[in-house]
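Biologist: Could you walk me through this one, and tell me what stands behind each label you use?

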Amino acid sequence: MPEIAVDGVGKVYHSAGRQVTALGRVDLTIADGEFVSLVGPSGCGKSTLLNIIAGFLEPSAGGIRVDGRPVAGQIPPQLGYIFQKDTVLPWYSVRRNIGLGLRFRGWPRRKIDDRVDELLKLGKLEGFGEAFPHQLSGGMRRRVALLMSLACDPRILLLDEPFGALDTHTKTVLHQELIRIWRSLGQTIVMVTHDLDEAITLSDRVVVLSGPPSRVLLDERIGIAHPRDVFSLRESDAFAQAYARIWHVLGQQFASVEATG
Ligand SMILES: Nc1ncnc2c1ncn2[C@@H]1O[C@H](COP(=O)(O)OP(=O)(O)OP(=O)(O)O)[C@@H](O)[C@H]1O
């Protein structure tokens with residue numbers, strides 16, 4: 001699995017005659033097969049950093065290396081990405097949506113069908129292949145988005161608030177699913193989230209970014225062993241202690257961003 005190195009990455013946006021320094025200088029190494037979450041105040045540059053890692057955006061300073069090779073504005077091979085917004089296409093069936101990336105890659109029909117069957121099973125959506133997105137619950141649609149991103153067997157998975165708008169029950173079920181899939185496939189995962197519970201539940205490490213221009217304030221290893229049961233995990237002392245340590249830093253950032261407006 002790939003290792004991702006973020007070397008002194010900075011980003012300044014220029015728009016409408018204004019300059020916004022989104023990222024100050026961020027250094028971070030994500031080991032292969034590791035699950036790292038990025039948290040921080042709204043507008044601190046979390047999505048910007050994820051888009052730079054994905055090769056969708058050029059950094060203004062520094063760079064990204066995947067397995068030691070600079071990505072320099074190119075999308076790293078074997079990348080899966082889940083966007084904040086629902087990217088499931090409403091006019092295609094679940095089956096068609098999940099197989100979309102494989103069609104673009106020119107896979108033959110038969111092979112796509114077999115792969116999609118495998119994925120429907122993995123996402124516990126057997127029997128929903130012919131359904132259309134409007135016939136699914138919000139949680140099922142997010143599950144389809146996850147399966148779409150897994151179709152090409154990515155080695156790197158970048159998740160931008162993948163479960164943002166869902167209720168706690170649905171989110172918790174999906175957390176258990178994601179842990180199960182990640183533990184069986186072993187991708188390197190970077191996730192942006194606003195939900196500290198979610199970050200601790202899923203991750204090996206939680207990285208707190210400061211308000212803009214952002215930098216890494218805390219890199220906390222979550223020493224909770226796998227297999228994790230997401231339902232009982234949140235009652236454990238280890239969870240409470242990790243939460244308190246991270247919140248101590250994150251809460252101060254929220255307060256200082258509020259104070260400076
Ligand atoms: N295309 C752009 N042009 C100009 N400024 C931008 C652009 N994209 C983002 N920004 C600015 O860069 C800063 C960081 O934005 P970004 O979306 O990366 O933050 P974020 O931490 O992901 O925010 P949130 O948590 O609210 O989703 C913000 O001030 C935002 O207004």
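**Strands and their partners**

Modeller: Happily! Let's start with one pair: R205 stands opposite R221 in β10. Keep in mind that this is a predicted model, in which local features need pLDDT of at least 70, side-chain atom pairs count only at pLDDT 80 or more, and totals for chains, interfaces and linings use all residues. Residues are numbered from 1 along each chain as its sequence is written.

Biologist: How do you know that β9 and β10 are joined?

Modeller: Strands are DSSP runs of E with at least two residues, and helices are runs of H or I with at least four, both numbered from the N terminus. Two strands pair if DSSP finds at least two bridges between them. β9 and β10 have 5 bridges and run antiparallel, so they pass that test. They form a hairpin with 6 residues between them.

Biologist: Which strand, besides β10, is joined to β9 by bridges?

Modeller: Strand β3 (residues 35–39) is joined to β9 by 4 bridges, and these two run parallel. R205 turns up again here, as the bridge partner of V36.

Biologist: What makes β9 mostly covered?

Modeller: A residue is buried if 20 or more other C-beta atoms, placed from the backbone, lie within 10 Å of its own; it is exposed if 12 or fewer do, and partly exposed in between. In β9, 4 of its 5 residues are buried.

Biologist: In what order do the strands of the open sheet stand?

Modeller: The order of these 4 strands is β2-β1-β4-β5, with antiparallel pairing. β2 (18–30) and β5 (69–70) are at the edges because each has a single partner strand, which leaves one side of each without a neighbour in the sheet. Further in, β1 (residues 4–15) and β4 (residues 61–66) share 5 bridges, and one of the matched pairs is D7 with G63. Helix α1 (residues 46–53) lies across β1, β2 and β4, at about 120 degrees to β1.

**Loops**

Biologist: Why is D67 called partly exposed?

Modeller: D67 has 14 C-beta neighbours inside 10 Å. That count lies between the cut-offs of 12 and 20, so partly exposed is the right label. D67 is in the loop between β4 and β5, and although it is not a glycine, its phi is positive, about 50 degrees.

Biologist: Is D153 buried or exposed?

Modeller: Exposed: D153 has 10 other C-beta atoms within 10 Å, and the rule for that label is 12 or fewer. D153 sits in the loop between α4 (138–150) and β7 (156–160). Its phi is positive too, near 55 degrees, in a residue other than glycine.

Biologist: Which residues does a cis peptide bond with omega of about 0 degrees join?

Modeller: H226 and P227. P227 lies in the loop between β10 and α7 (230–233). Another cis peptide bond joins P212 and P213, with omega about -5 degrees, and P213 lies in the loop between β9 (205–209) and β10 (216–221).

**Helices side by side**

Biologist: Why are α2 and α4 called roughly parallel?

Modeller: Two packed helices are described by the angle between their axes and the distance between the axes. The axes are lines fitted to C-alpha atoms over the stretch in contact, with angles from 0 to 180 degrees between N-to-C directions. Angles under 35 degrees count as roughly parallel, over 145 as roughly antiparallel, 65 to 115 as roughly perpendicular and the rest as oblique. The axes of α2 (residues 94–104) and α4 cross at roughly 30 degrees and come within 7 Å, so α2 and α4 are roughly parallel.

Biologist: What residues in α2 and α4 meet?

Modeller: V94, N97, I98, L100 and G101 in α2 meet V144, L147 and M148 in α4. The contact divides into 6 nonpolar, 2 polar and no charged residues. Here, contact means C-beta atoms, placed from the backbone, within 7 Å. Ala, Val, Leu, Ile, Met, Phe, Trp, Tyr, Cys and Pro count as nonpolar, Asp, Glu, Lys and Arg as charged, and the others, Gly among them, as polar.

Biologist: How do you know that L122 is partly exposed?

Modeller: L122 has 18 C-beta neighbours inside 10 Å, so it counts as partly exposed. L122 lies in helix α3 (residues 109–122). Leaving aside neighbours within four places in sequence, L122 is in contact with L147 and I181.

Definitions and conventions. Two residues are in contact if their C-beta atoms, placed from the backbone, lie within 7 Å.
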